[in-house]
Amino acid sequence: MLRRVREQLRQAAVQMAKRPELCCGAILLTCAIILPLTLTCSRVKDVVAAARSPVRFFPPEAPVVDLFLGQLEEADRLREEADVSVVFYYAPWCAHCISARQHVQQVALRLAHQVQFVAVNCWWHQGRCRKQKSFFQYPVIHLYYRRIGPIEYRGPVQSEYLENFIQRVSAPLTYLPSIGALHTFLTHHQQAVVGFFQFGWSPQPAGFITFLLSALQALRRDHQGEVRFAVVTNQAVAEGVSLTEDESVYLHRRLNISLVFPRTERNFTAQAVCDWVFENRERVIHWIQPMGAKSYLLEAELQKGPALLTFLPDNPFTANQLLTQVTDVALHYHSCCGSEEDSSSVPLCCQSLPVLSVDAGVCELCVSQCWALGLYLHQAQFSSSSCRSVQSWYSPSGRFSVCCRSVPNPRRCPELLSDSITGLQCRTNKTLRFYLLDAQLNWPLAQRLGASGNQSGDLPFITIINLRDETHYVLNRTDTLADFIQNFSVSYSPLHRHLVGHKLQQQTQSLIQEVTSDSFLHTVMDSQRDVLLLYYSAWCGFCSVLNQVFLQLAHLFQGNSALTVARVNVGRNDLPWEFMVDHLPSVLFFPKHRKQMSVKFPENTPMTVPNLLRFILQHTGHAPWEESGGGVEPKSLLEAELHMLQREVFSLHRARERLSQQLAVLWRENRRLTLHSHTLETQNAELRERSGRLETLYREKTRQLTHSVHRLQELADTSEELLKENTLLKVLLNALRDTDRWGTDRQEEETQDTDGQEVETQDTDGQEVETQDTDGHERKCEAS
């Protein structure tokens, strides 16, 4: 082989030596291929980032050991050290885990002193948990009881439910020290299992360990806790349930014979005991938990027959009185005892409970299920006719029992109970199955079935569903549960089918009428109108496309009183089964006078306006002629349309005649108004001419008056100046006169001795001066 490879390589080298260009091409091609691959690989290494290191999922103050690195070996070590441990497997990205974290933390705060809580990150790829565990969903909760487990919790991840389950795992067995405790245990639990073990010679007998393991096995299959296990160590208490042998297991049943585990037929192992209990237990009323929106659990139960669903506000920590009442009604319903009037035959006991001894005179009440079953009453409480029969070795366990007639107890019998439903299961073909649902978890389903308000009410929401008849009924607050079941069981039930409908908030004016469950019969079954009904739903995409088509069709028939275009949302409104359709969208036509002959629009025909119009005209009703006060009613929709058009044409003709008359009157009135307007225009022209002349005259007179006012103002100003000058001249003249007089007197005194000639000369001069002054004053006045 190596020789052949060497020869081929030698031949290739010789060929490449002969053709060097081929060698260079091969080298270049190899480099061209290797270089991109190298660059690509290096780029991928640079792009892909390393995963982030995980962090704590629970806060540090929480009493939960958070192994966020997936240390599964550490979780195993902590689990082995604790008596009871809870392991919470989570993924940090899971929304359900994030939602459950708060609830787990609350439970851990309350039970940290007695339970070990461990959280393991099972998503970290380097952790051991991711490598060893293969979980398909998160979170996963496992419980361990002293290295026994795992016991997976499958209930709702809420604090109260999880804590209740942890407490039942912590104490899987209930110790019954006295007969009263035994009676209470048998009464308060729907299915009770009692084991008798003597601890005198061994601290933990082997049979007790097997019984404990069987109780833990039952918790894996029943997280609701319908089956409860108890242990008795006292021989006297064990005789109360006819257990005389050590390591015996007693299964208490209320309607049938109670059983003891057949150790001679089966191996006494934990799995065998658990299987025997679940095979022979009585399930008068069933707890059902539909987990998730796509769960088929409820549908599978409803397919078995009529079911009575009771939605109860379940509280795992308190005794539910409503649950007790519903359970009592279910026990009455399944109590198929003999007729009390038939005294010739011995009645068969539907419930058998042992007596302590024959001498004690204790009588068993086997019919009245409203009693606390298992409660022993002295024979003195009844008359001698109460006890019907005495049977020795009544059950395979060799018990001595007494069967008595029904005696009501007013303290324990609630108003829900009635003797009419006692044994009704055996007297009717419509056998009911009783189911319980937690209202807190399943209230949306209750609302869909017709419940109102919230789940915190004092009364439960009860409904009967019959898938075979496609009906369901709702219990009213005024009726009793016994009457409700009795009315359903009769041949012709007086109950009315409950239709869940959506009430419209406000009625708006629309061409297409919206129909609900309440208005369906009133609208669709109207014998005076043809109805075209569209079945649609909000999730139907094709239905949304048809809205425009139906809107155009409604526009064509707008104002027509013979046809109604309507639609109904079947996703939010229940309809009687005879009016339902098998697919969406669907169109049905209900002709008037013949509602029972409704017609469905062909599925292979496109839903267009012409096709729908043709479909309506083809299937419109042909009712007999009916005389009315206004004439004869048309026979078909087309004739109705023609008749309506004729009436409209006749109305238009009459309207046109009235309009012509009104136009003639308006023309004459317009002519008269035109002549009157011409006359008014002529008068207006004359008035405008007169107004022009008056305005011109007014302007001329105004100008003259203005000129006169100016002249008068000037004269007034001149007169005022003259008065001022005259006053001034008078003052000057007076001053001159005074001056001349004073000068004359002085000259006379100085020149008393002068000649008369000089005096005359001076007087003459004075007169000349005065004359000159007077002449000057006259000149000024003339100038003014």
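The following dialogue between a student and a tutor explains how terms are applied to this predicted model.

Tutor: Because this is a predicted model, local features need pLDDT of at least 70 and side-chain atom pairs count only at pLDDT 80 or more, while totals for chains, interfaces and linings use all residues. Residues are numbered from 1 along each chain as its sequence is written, and side-chain values use heavy atoms, with hydrogens and water left out.

Student: What makes Cys122 and Cys129 a disulfide?

Tutor: A disulfide is a pair of cysteine sulfur atoms within 2.5 Å. The sulfur atoms of Cys122 and Cys129 are 1.9 Å apart, so this pair meets the definition. In general, such a link is a covalent bond between the sulfur atoms of two cysteines.

Student: Why is the disulfide of Cys122 and Cys129 called left-handed?

Tutor: The torsion about its S-S bond is about -85°, and the disulfide is therefore left-handed. The link of Cys540 and Cys543 is right-handed, with 80° about the S-S bond.

Student: How do you know that Cys540 and Cys543 form a disulfide?

Tutor: Their sulfur atoms are 2.5 Å apart, and the definition asks for a distance within 2.5 Å, so the pair counts. A search of the whole structure finds two disulfides.

Student: Why is there no bond between Cys94 and Cys97?

Tutor: The cysteine sulfur closest to that of Cys94 belongs to Cys97, at 3.5 Å, which is too far for a bond. From the side of Cys97, the closest cysteine sulfur is in Cys94, again at 3.5 Å and too far.

Student: Why are Cys94 and Cys97 called buried?

Tutor: Buried means under 20% relative accessible area, exposed over 50%, and partly exposed in between (1.4 Å probe, protein chains only). Cys94 has 6% relative accessibility, so it counts as buried. Cys97 has 0%, and therefore Cys97 counts as buried. Both Cys122 and Cys129 are buried, as are Cys540 and Cys543. Across the protein chain, buried residues make up 38% of the 784 residues.

Student: Why is Val490 called partly exposed?

Tutor: Val490 has a relative accessibility of 29%, which lies between the two cut-offs, so Val490 counts as partly exposed. Val490 lies in the loop between helix H14 (481–489) and strand S20 (513–515). Here helices (H or I, at least four residues) and strands (E, at least two) are DSSP runs, numbered from the N terminus. The protein chain has 19 helices and 26 strands. The C-alpha atoms of Val490 and Thr428 are separated by 7.5 Å, although these residues are 62 residues apart along the chain.

Student: What makes the phi values of Arg147 and Glu247 worth noting?

Tutor: Most residues other than glycine have a negative phi, and most peptide bonds are trans. Phi of Arg147 is near 70°, a positive value in a residue other than glycine. Glu247 is not a glycine either, and its phi is about 60°, also positive. Arg147 is found in the loop between strand S4 (140–145) and S5, whereas Glu247 is found in the loop between helix H9 (235–238) and strand S9 (248–252).

Student: Why is Arg147 called exposed, and why is Glu247 called buried?

Tutor: Arg147 has a relative accessible area of 61%, which is over 50%, so Arg147 is exposed. Glu247 has 17%, which is under 20%, so Glu247 counts as buried.

Student: Which peptide bonds before Pro150 and Pro585 are cis?

Tutor: The bond from Gly149 to Pro150 is cis, with omega near 5°, and Pro150 lies in strand S5 (residues 148–152). The bond joining Leu584 and Pro585 is also cis, with omega about -5°. Pro585 is in the loop between strand S22 (563–569) and strand S23 (586–590).

Student: What does the lining of the largest cavity contain, by class?

Tutor: The lining has two nonpolar, two polar and two charged residues. Nonpolar covers Ala, Val, Leu, Ile, Met, Phe, Trp, Tyr, Cys and Pro; charged covers Asp, Glu, Lys and Arg; the others, Gly among them, are polar. The lining residues are Gln190, Arg254, Glu282, Val284, Thr327 and Leu331. A cavity is a set of points on a 1 Å grid over the protein atoms alone where a 1.4 Å probe fits but cannot get out, and lining residues have an atom within 4 Å of a point.

Definitions and conventions. 1 Å grid on protein atoms, 1.4 Å probe; cavity = no way out; pocket = protein on both sides within 12 Å on 5 of 7 lines; lining within 4 Å.
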